[in-house]
Amino acid sequence: MSREPGCNRWLLLAACAHLFFLLPPLRTRAFAVSVVPEGTEDETELPVLQLWSKTENNFFCLLNLLIFWFTELKEIVFIIQSQSNSFHSKRAEDLKRDILKQAADLGKELPTVLLIHQMDGHEGAWTILPLMRDFSVTYGRNSSWIFFCEEDTRIQVVKLLETLGRFDGSKEWFLGKALYDEESTIIHHYAFAENPTVFKFPDFAAGWALSIPLVNKLAKKLKSEPLKSDFTIDLKHEIALYIWQKGEGPHLTPVPEFCTDDVNSYKVDHCATTFSNFLPLCGEPVKKEDVFVAVKTCRKFHGDRIPVVKQTWEREAALIEYYSDYADISIPTIDLGVPNTDRGHCGKTFAILERFLNLSSPRTPWLVVVDDDTLISIFRLRKLLSCYDPNEPVFLGERYGYGLGTGGYSYITGGGGMVFSRIAVQKLLASKCRCYSMDAPDDMVLGMCFSGLGIPITHSPLFHQARPMDYPKGYLSHQIPVSFHKHWNIDPVKVYFTWLTSNTEKSLSGKKVGYNREDL
């Protein structure tokens, strides 16, 4: 069955444009009255260029109006990349209500607005691609666009209609705000190493769109060739790679109306989307005494990594302990009786969880487990945690995925910091899920255990597994980050005071030092 509404709309717009450009005398006469300056007796005295300029502007205003009225809102399916945690699901529901209210105020038929966490019991629904076949079957005949956005994306529905209306929905389109790597990076497996700037991928915060013909094509490919990648690390980059298909599919088309500026910014007049780029705060920050910080280390790093922690963020933590394979009273460190391993550290992490539950104050609701080369703002974390209910099982951080195309599970990657509510730790340790070996990857085992318990992984993009230089500048520009990870080829103290404190001038060794993010 052909999609006649879309075809008819574009034929009508083409006919309008054709008629307009074929009738220059009528066109000039029609707009001449409005452009004749006071004191001019005859419009022929005006320069021809001025007449045409005014005529052209009016035509494109008319064209935008036609595009708006002939673009049916019901042909756009809105997908909010939501999460099941109560804080996040409420924000997603608020956005859904706002979209539907705007549609009702326009007098248009209401569009379909879906929340990803409600769509499918599939663990990997958040990775989008496994849902393409469902999108194709359900919306492939009567819709033109699938528009994706985050819970903090703000949408001007009228401007979004105008923006999407500029593109022929009968063709394959992949639209978004373009991000790119300035240098090849580990989180993208050093892709496009010779010139990483050539490959563009969407900033999810600004919203992104797929035309239905492209959705249908992806669904057909997924049916014949199931997803092969084991790991999901940076979803926006991986989706763009899958769509591009080594040149066989479309590149991302940058859309300037998809924005990540704050809604109150002077820059947003042209924007169809904006973004709430602030650190969430839901009342008073969590008290210092309500956050217990566990630092994983080992003897060989006592001399270089631990001094960085003490010089930067240790002072923000009221409750902090260092866990090592060697008891060093100068730090001090605690020997948990678990030998250090070159990888994994699952045994050490589960020993930390047991200690938190059994030896820390039962009134301490939050546990944060970090590496000795994690850079973190405990102050910002306390603000963020004000939005989460410690009476719920919360497991929070930067979300990765393993084997999600064929089942699998999500997990919080350990380097950026793993945050647990006490009740989450209680439920985990009450189960029989444990390390399959002492050097198993602790973050992945935890993800597997929580998945089996039905406890969702809660993602925050404010936690980072890598260094600031490993992320696109445009991506970090609308964030107030909570953490970064790794000391490779950077000055970690500079990174901390530049990215993780509110004031970029801090006193180091008695001197005022200012750091520029562009240099890091």
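This text leads through a small sheet, the helix packed on it, and the aromatic contacts of a predicted model.

The strands β9, β18 and β19 form an open sheet in that order, with antiparallel pairing. Strands of a sheet pair through backbone hydrogen bonds, either parallel or antiparallel. At the edges stand β9 (231–232) and β19 (409–412); each has a single partner strand, so one side of each is left without a neighbour in the sheet. Two bridges join β9 to strand β18 (residues 399–402) in the antiparallel sense, and G401 in β18 is the bridge partner of T232. Helix α14 (residues 442–453) packs on this sheet and touches β9, β18 and β19, while its direction makes about 130° with that of β19.

The whole structure contains 23 aromatic pairs. In one of them, the ring centres of F395 and F450 are 4.7 Å apart and the planes meet at 40°, so the pair counts as tilted. This pair links distant parts of the chain, since F395 belongs to strand β17 (residues 395–397) and F450 to helix α14, 55 residues apart. Both F395 and F450 are buried. A stacked pair is formed by Y471 and Y475, with 6.2 Å from centre to centre and 25° between the planes. Y471 counts as buried because its relative accessibility is 9%, and Y475 counts as buried because its value is 12%.

Aromatic residues also gather in a cluster made up of F135, F148, F174, F204 and W208. Elsewhere, arginine side chains lie over rings. R299 is placed over the face of Y326, at 3.8 Å from the ring centre, and the charged end of R305 sits over the ring of F301, 3.5 Å from its centre.

How values were computed
Residues numbered from 1 in each chain as written. Predicted model: local features only at pLDDT ≥ 70, side-chain atom pairs only at ≥ 80, totals over all residues. Heavy atoms only, no water. Pairing = 2+ DSSP bridges. Helix = DSSP H or I, 4+ residues; strand = E, 2+ residues; numbered from the N terminus. Contact = heavy atoms within 4.5 Å. Axes fitted to C-alpha atoms, helices over the stretch in contact; angles between N-to-C directions. Phe/Tyr/Trp six-rings, centres within 6.5 Å; stacked < 30°, edge-to-face > 60°. Buried < 20%, exposed > 50% of the residue type's maximum accessible area, 1.4 Å probe, protein only. Lys NZ or Arg CZ within 6 Å of the ring centre and 35° of its normal.
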